[in-house]
Amino acid sequence: MPFHTGHIKDADCVCYENKYYHAEKAKNFLKGAKLTDHSLMIIICDRFDFIHDLILYLHQNNFSKDIETYV
């Protein structure tokens, strides 16, 4: 999985089309990318049980709308 900010579309394809990737690295990459659309991170965190990390990240960065959408 590419871990450079310019490779968001590649990360998106890998996460949607592949079951074999390091989920924690993908989650951390997306957190560091400071994206406005958090749907990919929500999908990864939900699939790999990183719910606490997801809610904490979204809350700390004032993305309560995304928390409401997820819940």
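**View A. Lys27 and the residues around it.** Set aside the neighbours within four places in sequence, and Lys27 is in contact with Met41, Cys45, Phe50 and Asp53. This is a predicted model, by the way. Lys27 sits in helix 2, and its relative accessible area is just 3%, so this lysine counts as buried, the cut-off being under 20%. What does the side chain of Lys27 pair up with in a polar contact? The partner is the side chain of Asp53, at 2.7 Å.

**View B. Helix 2 against helix 3.** Here helix 2 (residues 23-32) and helix 3 have axes that come within 10 Å and cross at roughly 155°. Anything over 145 degrees counts as roughly antiparallel, so that is the label for helix 2 relative to helix 3. The crossing of helix 2 past helix 3 is left-handed. On the helix 2 side, the contact uses Ala23, Ala26, Lys27, Leu30 and Lys31, while helix 3 brings Leu40, Met41, Ile44 and Cys45. Sorted by class, this contact of helix 2 with helix 3 holds 7 nonpolar residues, 2 charged ones and no polar ones.

**View C. Helix 3 against helix 4.** Now look at helix 3 (residues 39-47) beside helix 4 (residues 51-60): their axes cross at roughly 150° and come within 8 Å. Helix 3 and helix 4 are therefore roughly antiparallel too. Which residues make the contact? From helix 3 there are Met41, Ile42, Cys45 and Asp46, and from helix 4 there are Ile51, Leu54 and Tyr57. That gives 6 nonpolar residues and 1 charged residue in the contact of helix 3 with helix 4, with no polar ones.

**View D. Buried residues of helix 3.** This close-up stays on helix 3, where Leu40, Met41, Ile42, Ile44 and Cys45 are buried. Two of these names, Met41 and Cys45, turn up in the contact with helix 2 and also in the contact with helix 4. Met41 and Cys45 are also among the contacts of Lys27.

**View E. Phe48 and the end of helix 3.** Phe48 lies in the loop between helix 3 and helix 4. Is Phe48 buried or partly exposed? Its relative accessible area is 29%, so Phe48 counts as partly exposed. Not counting residues up to four places away in sequence, Phe48 touches Tyr21 and Ala23. The C-alpha atoms of Phe48 and Ala23 are 6.9 Å apart, though the two residues are 25 residues apart along the chain. Also in this view is Asp49, just after helix 3, which takes a positive phi of about 60°.

Key:
Residues are numbered from 1 along each chain as its sequence is written. This is a predicted model: local features need pLDDT of at least 70, side-chain atom pairs count only at pLDDT 80 or more; totals for chains, interfaces and linings use all residues. Side-chain values use heavy atoms; hydrogens and water are left out. Axes are lines fitted to C-alpha atoms, for helices over the stretch in contact, and angles run from 0 to 180 degrees between N-to-C directions. Helices (H or I, at least four residues) and strands (E, at least two) are DSSP runs, numbered from the N terminus. Angles under 35 degrees count as roughly parallel, over 145 as roughly antiparallel, 65 to 115 as roughly perpendicular and the rest as oblique. Contact means heavy atoms within 4.5 Å. Ala, Val, Leu, Ile, Met, Phe, Trp, Tyr, Cys and Pro count as nonpolar, Asp, Glu, Lys and Arg as charged, and the others, Gly among them, as polar. A crossing is left-handed if the near helix is turned anticlockwise from the far one by less than a right angle, and right-handed if clockwise. Buried means under 20% relative accessible area, exposed over 50%, partly exposed in between (1.4 Å probe, protein chains only). A polar contact is a pair of N or O atoms within 3.5 Å; within protein, one must be able to donate a hydrogen and the other to accept it, and residues adjacent in sequence count only if both atoms are side-chain atoms.
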